[in-house]
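Please read the following points with the sequence and the structure side by side. They are set out for a reader who is new to this kind of material.

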Amino acid sequence: SVNADGSHHILHPSDVRGPYTFWRRLFGLALISVYVLLPWIPVGGFPAVFLNLAERRFHFFGLTFLSEDLWIGFFLLTGLGFSLFYVTALFGRLWCGWACPYTVFLEHIYRRIERFIDGDATNRRRLDAAPWTAGKIARRVLKQGLYLLASLLIAHVFVSYFVSLPRLYGYMRESPLNHLKVFGTMLFLTASLHFCFAWFREQFCIILCPYGRIQSALTDDDTVNVGYDTVRGEPRGKRSDTSAGDCVDCYRCVQVCPTGIDIRDGIQLECIGCAACIDACDTVMTKLDLPKGLIRYDSPKGLAGGKHRYLRSRTVLYTCFMAVGALVLGISLLSLSPAKAELIRMTGNAYYLDESGVRNQYRLHLVTKRNEPTEFRITLEGLPEGAAVTGLDEVIVLQAGEETVKTLLVQVPKAAYRGEFSIRLNGLVTPGNTKLTDTIEFLGPSAYALE
């Protein structure tokens with residue numbers, strides 16, 4: 001993909017048909033549909049995935065997380081990471097060729113647009129080499145316009161994950177100057193997507209993607225990947241040559257490769273495991289009345305005539321890590337509460353002392369994650385006899401997704417004060433009858449100092 005002078009060599013992979021291509025395209029369209037539809041699907045009164053940065057609330061399929069709950073994201077991210085390692089150890093870069101968003105958008109949107117406008121690979125190369133005419137300019141303008149439209153749509157869907165579709169639609173009907181951050185984010189994403197998919201393309205996978213760089217540390221001779229059977233295929237030659245192998249050196253596998261490699265040179269960093277070369281080679285083998293599978297999904301051991309193992313030390317280790325992560329994540333999710341009640345000491349003096357006694361000042365922070373009105377019944381325990389609490393209502397009602405902060409004053413008479421003690425907050429949240437607890441210290445001078 002790089003010319004001798006260092007410039008980008010534009011690849012024009014040929015189209016291919018076959019079972020892998022069919023299922024890969026179907027799977028890619030399913031992933032695109034999920035990406036587009038998630039902001040539309042309501043779950044628990046919110047979009048299925050809604051990362052509300054403005055209010056610091058994050059909704060995932062009915063679960064609501066506050067900013068202080070994001071520590072759970074560590075287990076989610078590490079779980080996804082080990083899952084990717086696990087898949088890589090078993091099946092190589094299957095993620096890259098089948099599920100990576102970059103590959104999905106490039107292969108199933110932008111390349112389809114290019115093939116619709118410019119034709120097959122031969123016509124595209126011929127058009128690149130042709131002089132600039134009115135027809136060529138018209139094709140280029142139409143293609144880049146459709147690229148830009150696709151980038152705009154993808155960027156708007158991405159932004160809707162953070163501001164919600166109704167709010168985004170409202171922003172679109174107003175001046176961009178009223179929402180510069182959102183508008184600027186959308187423009188940046190559109191420009192980045194257009195640059196990547198209209199020009200940079202496979203260079204991202206070859207040059208920038210870190211996953212491709214570490215795959216050699218995640219795979220071994222038992223890892224199933226796209227490979228060429230050298231025992232069966234070599235030496236290459238014509239079908240009429242009885243001393244030649246099954247490979248007729250037609251270069252069809254190279255022509256369809258989206259990263260421009262020759263799979264017959266062995267497993268390479270640039271291979272994304274898309275299986276286009278498998279379908280291309282199987283088509284040629286069928287025409288030559290030879291068995292399929294000269295290029296196939298197999299491990300280095302399998303290609304050498306052996307048998308690969310799925311159960312081995314690294315897969316067992318990854319399985320254990322995934323199981324531990326899933327267990328901790330499950331326990332963490334079960335511990336989440338649909339509401340929050342917290343006592344926080346107010347800034348300033350730790351306590352106030354006057355003739356009537358010792359006073360502490362707190363902030364009562366209440367949050368509901370429910371999408372319906374929520375009642376809080378808060379009581380304070382551990383107070384000495386005669387202590388007075390100011391600012392605490394018997395019932396506090398919050399609307400859907402609301403949070404509030406109330407000021408509480410706790411006054412302890414001198415006669416009842418016996419030194420510092422703990423205050424325990426007990427809360428009952430309805431609907432659901434969820435119980436909340438919190439503890440904070442009541443501070444003051446030593447009891448001896450008041451005598």
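1. The sheet. In this predicted model, an open sheet is built from 4 strands in the order β13-β11-β15-β16, with antiparallel pairing. At its edges lie β13 (396-398) and β16 (434-442), each of which pairs on one side only. From one strand to the next, the twist averages 25°. As general background, the strands of a sheet pair through backbone hydrogen bonds, and the arrangement may be parallel or antiparallel.

2. One strand pair in detail. Strand β11 (residues 374-381) runs antiparallel to β13 and is joined to that strand by 3 bridges. A useful residue to locate is Phe376, whose bridge partner in β13 is Ile396.

3. The largest nonpolar core. This core holds 29 residues, of which Tyr102, Phe105, Ile109, Tyr110, Ile154 and Phe197 touch the most other members. Helices α1 (19-37), α4 (101-118), α6 (134-163) and α8 (180-200) each supply at least two residues of the core. Which residues does Phe197 contact, leaving aside its neighbours within four places in sequence? They are Tyr102, Phe105, Leu106 and Tyr110.

4. A separate core. Apart from the core just described lies another, of 24 residues; among them are Ala341, Ile378, Ile423 and Val429.

5. Salt bridges around Glu114. The whole structure contains 28 salt bridges. One of them joins Arg124 to Glu114, with the closest N and O atoms 3.7 Å apart. This pair links distant parts of the chain, since Arg124 belongs to helix α5 (residues 121-129) and Glu114 to helix α4, 10 residues apart. Glu114 also forms a salt bridge with Lys143, where the closest N and O atoms are 3.6 Å apart. Here helix α4 is linked to helix α6, and the two residues are 29 residues apart.

6. Buried or partly exposed? Glu114 counts as buried because its relative accessible area is 5%, under the 20% limit. Lys143 is likewise buried, at 6% relative accessibility. Arg124 is buried as well. A contrasting case is the salt bridge between Arg236 and Glu234, whose closest N and O atoms are 2.9 Å apart. Arg236 is partly exposed, with a relative accessible area of 31%, and Glu234 is partly exposed, also with 31%.

7. The network. Glu114, Arg124 and Lys143 belong to a network of salt bridges that also includes Asp118, Asp128, Arg140 and Arg201. The reader may wish to trace these residues in the structure after locating Glu114 in helix α4.

Definitions and conventions: Residues numbered from 1 in each chain as written. Predicted model: local features only at pLDDT ≥ 70, side-chain atom pairs only at ≥ 80, totals over all residues. Heavy atoms only, no water. Pairing = 2+ DSSP bridges. Axes fitted to C-alpha atoms, helices over the stretch in contact; angles between N-to-C directions. Core = buried A, V, L, I, M, F, W, Y, C linked by side-chain atoms within 4.5 Å. Buried < 20%, exposed > 50% of the residue type's maximum accessible area, 1.4 Å probe, protein only. Contact = heavy atoms within 4.5 Å. Salt bridge = Lys/Arg side-chain N within 4 Å of Asp/Glu carboxyl O.
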